[in-house]
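The following paragraphs walk through one structure, starting with its helices and ending with its strands and aromatic rings. Please keep the structure in view while reading.

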Amino acid sequence: MKLDSPQPFLDTEEGEEVEDQQLLEPEAWSTYTERRNTLREFLASDLSPHLLRRHHARMQLLKKCSYYIEILPKHLALGDQNSLVLPNTMFQLIDPWKFQRMKKVGTAQTKIQLLLLGDLLEQLDRGRLELDSLLESPDPRPFLAGWGLVEQRLADLSAVMDNFLAMMVPGRLHIKHRLVSDIGATKIPHIRLMLSTKMPVMFDRKESVAHWDWVSLRWFVTIQPAVQEQFELRFKLLEPRTQQECMQCGVIPVAACTFEVHNLLPNRTYKFTVKRAESYTLVYEPWRDSLTLQTTPGPPEGLTPSQLGKPSLPLPAPTER
């Protein structure tokens, strides 16, 4: 071929496809093309990279959630309970010692469920890589010869996906013993225990701001509950230099999603953490959000030099904004 007389070249992929086709009879080639397209459709829909990324994101969210025991009459669905249908007297009928045992069962069941979800997600990732490598194989003959195994692999991965989606929702706690002690009543209420999930509490990093000697904090929950929740805010000075600076810390109960902490030291770094307040029904809370802020070095405008020499006052009892 002369360099000054260019020849039309086939696209690389098309060229490879022609070479593959030469290895098979026309009927076998048609079967190979059909099965290859089936595999491609499965990878593009049931096991697409976008879908796996979404599941990974949901998995990371579940690792940050809080898990609780819900006590329900057997005729109610999860989320239907309210103060009229499920009065607080229900807790008075439950044996406290047995309920504490069930909380330990709930903790174990939640941990196992999260581990199983992670394992199922790894199986889906590995399956995706295996099937991708089959599509990239240069020889179509092993692909056709092993199609029965490929079909079985597709069915197995579909079952793994179904199990993964089913386990994303916390399930029922299995009760081996009665939670309600013999109270001499003619009719003992029928109850069931369910695991429920609450979305994590996270700082709003755009709205949480540090000033000279105070910070304004804001946090949120992805899905807002119908009832106002109670939170626990913790703060501490990082790298204190004196014994008195070690007192720059505290735990504050808050009944809102905003709070201001005053009387901090200027130009210093503080760590803040927030979580829901402790609940009697909490069984597992593996994560809490934390935020590090540094107060500004200069005094606010309008502060006179005489005021700069005043000793810092002790931290007052924090108040909600």
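The model is a predicted one. A place to begin is the packing of helix 3, residues 49-62, against helix 5, residues 96-135: their axes lie 11 Å apart and make an angle of about 165°. An angle over 145 degrees counts as roughly antiparallel, and that makes helix 3 roughly antiparallel to helix 5. The crossing in which helix 3 passes helix 5 is left-handed.

Which residues of helix 3 meet helix 5? They are Pro49, Leu52, His55, His56, Met59 and Leu62, and on the side of helix 5 they meet Leu114, Leu117, Gly118, Leu121, Leu124, Asp125 and Arg128. Sorted by character, the residues of this contact between helix 3 and helix 5 are 8 nonpolar, 3 polar and 2 charged.

Helix 3 also packs with helix 7, which covers residues 147-167. Here the axes come within 12 Å and cross at roughly 35°. The crossing of helix 3 and helix 7 is left-handed. Helix 3 contributes Leu51, His55 and Arg58 to the contact, while helix 7 contributes Met161, Phe164 and Leu165. Of the residues in this contact of helix 3 with helix 7, 4 are nonpolar, 1 is polar and 1 is charged. His55 thus appears in the contact of helix 3 with helix 5 and in the contact of helix 3 with helix 7.

The remaining pairing among these helices is that of helix 5 with helix 7. Their axes are 10 Å apart and the packing angle is about 150°. Helix 5 and helix 7 are therefore roughly antiparallel to each other, and their crossing is left-handed. On helix 5 the contact includes Leu117, Leu121 and Leu124, residues that also take part in the contact with helix 3. On helix 7 the residues met include Val150, Leu154, Leu157, Met161 and Phe164. The contact of helix 5 with helix 7 divides into 14 nonpolar, 4 polar and 2 charged residues.

From the helices the path leads to a sheet. It is an open sheet of 4 strands in the order 8-7-10-12, with antiparallel pairing. Strand 8 (249-254) and strand 12 (289-294) are at the edges and have a single partner strand each, so one side of each has no neighbour in the sheet. On average, neighbouring strands of this sheet are turned by 20° against each other, direction ignored. Within the sheet, strand 7 (residues 231-237) and strand 10 (residues 269-276) run antiparallel and are joined by 7 bridges. For Leu237, the bridge partner in strand 10 is Tyr270.

The last topic is the aromatic rings. A pair of aromatic rings is described by the distance of the centres and the angle of the planes. With centres within 6.5 Å as the cut-off, the count comes to 9 aromatic pairs. One of them is formed by Tyr67 and Tyr284, whose ring centres are 6.4 Å apart and whose planes stand at 35°, so the pair is tilted. Tyr67 belongs to strand 1 (residues 66-73) and Tyr284 to strand 11 (residues 282-284); the pair links distant parts of the chain, 217 residues apart.

Notes:
Residues numbered from 1 in each chain as written. Predicted model: local features only at pLDDT ≥ 70, side-chain atom pairs only at ≥ 80, totals over all residues. Heavy atoms only, no water. Axes fitted to C-alpha atoms, helices over the stretch in contact; angles between N-to-C directions. Helix = DSSP H or I, 4+ residues; strand = E, 2+ residues; numbered from the N terminus. Parallel < 35°, antiparallel > 145°, perpendicular 65-115°, else oblique. Left-handed = near helix turned anticlockwise from the far one by under 90°. Contact = heavy atoms within 4.5 Å. Nonpolar A, V, L, I, M, F, W, Y, C, P; charged D, E, K, R; others polar. Pairing = 2+ DSSP bridges. Phe/Tyr/Trp six-rings, centres within 6.5 Å; stacked < 30°, edge-to-face > 60°.
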